[in-house]
Amino acid sequence: MTNNDILIRLRYAFDIKNVDMVEIFKLGGMDYTKEEVLNMLIKINDEEEAPEEYIKCNNKMLEAFLNGLITFKRGPQKAREGQAVGPLPVSGKENPNNMLLKKVKIALALTTEEMLEILYDGGIKVTKGELGAILRNPSHRNYKECGDSFVRNFLRGLTYKYRA
């Protein structure tokens, strides 16, 4: 599953308008025009056959979008004393699937039980321990990398919950 597929499915699940997509990227610290965002949302089967205007979404772009989604859904973070307010930092190093689950959980202020319910609605039964391993820091010894099918089911569950 590519990062572009994730963007397309998130956009559909939350019914995000084109103008809001541009705003979410801007909140995440990346400026794109409406045309550039639409070029990221082109559905393709094979990257070699992609149209010229197609823009491949890398991990940093996806992380910036997810950071912007957090700000878009929850509002800007309040500054602590002696700390500047700005977009969340983007590293682009974490597995995009794990990052997606963590950041969507934060953006929607979901509890673990709600996450398990969304996954169940998407067609997968997961225990709290398995979900906890996926949401851990990558340096933790019990960290588990999240697979594409897991993310597909999560996005399907989100679509079921927010579009139905």
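In this predicted model, the loop between α5 and α6 contains A109, a residue that adopts a positive phi of about 55° although it is not a glycine. A second non-glycine residue with a positive phi is D15, for which the angle is about 50°. D15 is found in the loop between α1 and α2, where it is partly exposed, with a relative accessible area of 43%. A positive phi also occurs just after α6, where G123 takes a value of about 105°.

Helix α6 spans residues 112-121, and within it M115, L116, I118 and L119 are buried. When the helix is viewed down its axis, these buried residues fall within an arc of 160°, so they line one face of α6. The buried residues of α6 pack against three other helices, namely α5 (96-107), α7 (128-135) and α8 (148-163). In α7, the buried residues include L131, A133 and I134; seen down the axis of α7, its buried residues fall within an arc of 155°, so that they too line one face of their helix. The packing partners of the buried residues of α7 are α5, α6 and α8.

The contacts of individual residues illustrate how α6 and α7 meet. L116, which lies in helix α6, has a relative accessibility of 17% and therefore counts as buried, the cut-off being under 20%. When residues up to four places away in sequence are not counted, L116 touches V126, T127, K128 and L131. K128, for its part, lies in helix α7 and, with its neighbours within four places in sequence left aside, is in contact with T112, E113 and L116. The C-alpha atoms of K128 and L116 are 7.5 Å apart in space, the two residues being 12 residues apart in sequence. L116 can also be placed relative to F154, from which it is 38 residues apart along the chain, with a separation of 9.2 Å between the C-alpha atoms.

In soluble globular proteins, nonpolar side chains tend to be buried together. The largest nonpolar core of the present model comprises 42 residues, and those with the most contacts inside it are L10, F65, V104 and L158. The elements that give two or more residues to this core are α1 (3-14), α2 (18-27), α3 (34-40), α4 (59-74), α5, α6, α7 and α8. The surroundings of V104 give one view of this core: when residues up to four places away in sequence are not counted, V104 touches L10, F14, L66, L110, F154 and L158. Two of these partners, L10 and L158, are themselves listed with V104 among the core residues with the most contacts.

A search of the whole structure finds three aromatic pairs. In one of them, the rings of F25 and Y32 have their centres 5.1 Å apart and their planes at 75°, so this pair is edge-to-face. Both F25 and Y32 are buried. In another pair, the ring centres of F25 and F65 are 5.2 Å apart and the ring planes stand at 55°, so the arrangement is classed as tilted. Since F25 lies in helix α2 and F65 in helix α4, the latter pair ties together parts that are 40 residues apart in sequence. F25 is buried, with a relative accessible area of 0%, and F65 is likewise buried, with a relative accessible area of 0%. F25, Y32 and F65 form one aromatic cluster, and F65 is also listed among the residues with the most contacts inside the largest nonpolar core.

Charged side chains are also placed over aromatic rings. The charged end of K73 sits over the ring of F14, at 5.0 Å from its centre, and F14 is in addition one of the residues touched by V104. R163 lies over the face of Y12, at 4.0 Å from the ring centre.

A further set of contacts involves N39, whose place is in helix α3. The side chain of N39 reaches the backbone oxygen of E53 at 3.4 Å. With residues up to four places away in sequence not counted, N39 touches E53, Y54 and I55.

Terms used:
Residues numbered from 1 in each chain as written. Predicted model: local features only at pLDDT ≥ 70, side-chain atom pairs only at ≥ 80, totals over all residues. Heavy atoms only, no water. Buried < 20%, exposed > 50% of the residue type's maximum accessible area, 1.4 Å probe, protein only. Helix = DSSP H or I, 4+ residues; strand = E, 2+ residues; numbered from the N terminus. Arc of directions from axis to C-beta. Contact = heavy atoms within 4.5 Å. Core = buried A, V, L, I, M, F, W, Y, C linked by side-chain atoms within 4.5 Å. Phe/Tyr/Trp six-rings, centres within 6.5 Å; stacked < 30°, edge-to-face > 60°. Lys NZ or Arg CZ within 6 Å of the ring centre and 35° of its normal. Polar contact = N/O pair within 3.5 Å; in protein donor to acceptor, adjacent residues only side chain to side chain.
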